[in-house]
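The following note is offered to a colleague who wishes to read the model alongside its sequence. The points are numbered so that each can be checked in turn.

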Amino acid sequence: DEHADIVVRFDSSPARVVFWRGTQYSPAWVTGNGLWMADQSVEGYDDDYTWEHMNDKYNRYSHVRVIENHDARVVVHWRYAPVDVHDRRMNVGERDEMGAWVDEYYTFYPDATGIRRVAWTTGTLGEPVQFQESIPLLHPGQVQGDLIEAVYATVGNLDGETDTLAYTAEGSRSRTGFPENLSIQMHHFKSEQKPFIVFEPGNRMMYLWDLDERSLKRPGSSSHWPVGKLWSDGRTAQAPDRATSFLGFPISEPPIHAANGRSEIRSLYGMTEGPFEDIVVLARSWSQPPNLSVAGGAFDVQELDRSERAWRIARTGDGDELDIRIAASDTSPLVNTALVIENWGNAAVSARVDGVLVPRGSEFRYGYVNTLDGTDLVVWLRNEATSPTRIKLTGAPDAN
């Protein structure tokens with residue numbers, strides 16, 4: 001159609017996220033100066049072929065839709081079928097023609113972050129399968145050194161231990177001695193905004209390699225994706241005359257959660273203008289969040305839902321005042337609060353943080369989601385704390 005793409009923007013950052021038909025709708029995080037970071041997404045493979053969204057050159061099986069779009073957050077659903085270069089879908093059985101389909105849900109917040117939740121019917125992907133590969137994209141005419149620094153990435157864990165990966169004269173692929181339990185990566189783009197990913201505890205990070213520094217003067221390593229229409233699942237770029245992709249490292253295996261016939265993985269993506277240490281604090285707030293409790297009997301709280309980086313709170317009785325206590329600490333900090341209050345209704349809301357009124361605006365945002373059971377309220381607050389914090393939400397008669 002004429003308007004076939006989706007762009008998510010942030011009023012606090014020039015970064016944006018682009019779901020573009022040229023990448024088969026694989027979302028790319030784009031810096032303010034136009035540098036693109038994408039992700040390979042789900043890939044299966046055998047001795048002959050890869051099975052992935054990249055091979056769906058004409059988007060026969062890939063599409064996106066907006067689920068939520070309001071002041072507090074945006075939720076986008078990307079659905080696709082992994083296919084090979086012969087347009088065959090993955091793991092289609094003789095009796096069951098469904099095969100493998102992947103649903104990726106992205107929940108974006110105003111702080112230029114987004115949760116990626118990848119879900120599929122358990123057993124349909126088979127083995128082996130890969131879920132993540134960081135892939136910068138180059139415009140025609142660009143070489144790798146136009147986008148990324150010689151020290152190209154920092155990796156780290158929740159304890160704050162870090163190491164770096166670089167383009168060097170030696171280009172070693174046999175380095176050892178990296179910190180254990182690596183779950184955070186940030187790529188050093190030549191931009192004020194740097195793309196990063198946080199994986200859940202239990203993540204396995206691999207391909208921790210230094211690369212040949214001569215590649216900084218070369219185009220991307222592959223030109224079959226994005227936009228390439230040649231039926232190939234791996235085409236080496238010879239010149240910077242077209243869009244290319246490169247890097248791909250490190251690669252992570254996030255832990256898989258399975259229940260009720262479905263499986264999923266979850267990761268936290270974003271762009272930052274701050275140091276790597278800030279990402280470590282954010283990672284702790286998501287991976288080992290503080291305990292949240294509510295006073296009174298009108299509301300019931302669940303644990304933080306990592307798949308949307310929000311606490312879900314259900315209304316179980318009468319009352320228009322929600323009194324929340326969050327036990328933030330150094331090991332379980334609070335970095336921006338997202339709340340989904342189920343069955344709140346259409347009432348407007350005011351917010352106080354530690355007794356101070358926060359006016360609706362850049363620091364306090366909310367929106368509504370209509371469901372079959374009622375209307376949910378989604379609240380987002382820009383706040384950071386390493387000590388106990390109190391949030392009080394009070395309803396008003398009419399939504400504003």
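How much space lies in the largest cavity?

1. The model discussed here is predicted. A search of the whole structure finds two cavities of 30 Å³ or more, and the largest cavity holds about 130 Å³ of space. Its lining consists of 15 residues, and those nearest the centre are Trp29, Met37, Ala38, Ile197 and Tyr269. At least two lining residues come from each of strand S4 (36–39), strand S15 (184–189) and strand S16 (194–199).

2. Aromatic contacts deserve separate attention. Over the whole structure, the search finds 18 aromatic pairs. One of them is formed by Phe10 and Trp29, a stacked pair with 6.1 Å centre to centre and 5 degrees between the planes. Phe10 belongs to strand S1 (residues 6–10) and Trp29 to strand S3 (residues 28–30), so this pair ties together parts that are 19 residues apart in sequence. Phe10 has a relative accessibility of 8% and therefore counts as buried; Trp29, with a relative accessible area of 6%, is buried.

3. Phe10 and Trp29 also belong to one aromatic cluster, together with Phe19, Tyr106 and Phe108. Trp29 is, in addition, among the residues that lie nearest the centre of the largest cavity.

4. A further pair involves Tyr207 and Phe249. Their ring centres are 5.8 Å apart and their planes stand at 20 degrees, so the pair is stacked; the cut-off for stacking is under 30 degrees. Tyr207 is found in the loop between strand S17 (204–206) and strand S18 (211–212), and Phe249 in the loop between strand S19 (244–245) and strand S20 (251–253); the pair therefore ties together parts that are 42 residues apart in sequence. Tyr207 counts as partly exposed because its relative accessibility is 35%, whereas Phe249, at 14%, counts as buried.

5. Turning to the sheets, five strands form an open sheet with antiparallel pairing, in the order S23-S26-S32-S28-S29. Strand S23 (292–295) and strand S29 (356–358) are at its edges; each has a single partner strand, so one side of each is left without a neighbour in the sheet. From one strand to the next, the twist averages 30 degrees. S23 runs antiparallel to strand S26 (residues 321–326), and four bridges join the two. Within S26, Asp323 stands opposite Ala295.

6. An open sheet with mixed pairing is formed by five strands in the order S24-S25-S27-S31-S30. Strand S24 (299–305) and strand S30 (364–370) are the edge strands, and each pairs on one side only. The twist here averages 20 degrees from one strand to the next. S24 and strand S25 (residues 310–315) run antiparallel and are joined by five bridges. Opposite Phe299 stands Arg315 in S25.

7. Which ring does the charged end of Arg315 sit over? The ring is that of Trp344, and the charged end lies 5.3 Å from its centre. Arg315 thus appears in two settings, as the residue opposite Phe299 and as the charge over Trp344. A similar arrangement involves Arg360, whose charged end sits over the ring of Tyr366 at 3.8 Å from its centre.

Conventions: Residues are numbered from 1 along each chain as its sequence is written. This is a predicted model: local features need pLDDT of at least 70, side-chain atom pairs count only at pLDDT 80 or more; totals for chains, interfaces and linings use all residues. Side-chain values use heavy atoms; hydrogens and water are left out. Two strands pair if DSSP finds at least two bridges between them. Axes are lines fitted to C-alpha atoms, for helices over the stretch in contact, and angles run from 0 to 180 degrees between N-to-C directions. Rings of Phe, Tyr and Trp (its six-membered ring) pair if their centres lie within 6.5 Å; planes under 30 degrees apart count as stacked, over 60 as edge-to-face and the rest as tilted. Buried means under 20% relative accessible area, exposed over 50%, partly exposed in between (1.4 Å probe, protein chains only). A charge sits over a ring if NZ of Lys or CZ of Arg is within 6 Å of the ring centre and within 35 degrees of the ring normal. On a 1 Å grid over the protein atoms alone, a cavity is a set of points where a 1.4 Å probe fits but cannot get out, and a pocket is an open set with protein on both sides within 12 Å along at least five of seven lines; lining residues have an atom within 4 Å of a point. Grid points are joined across faces, edges and corners, and a volume is the space filled by probe spheres set on the points.
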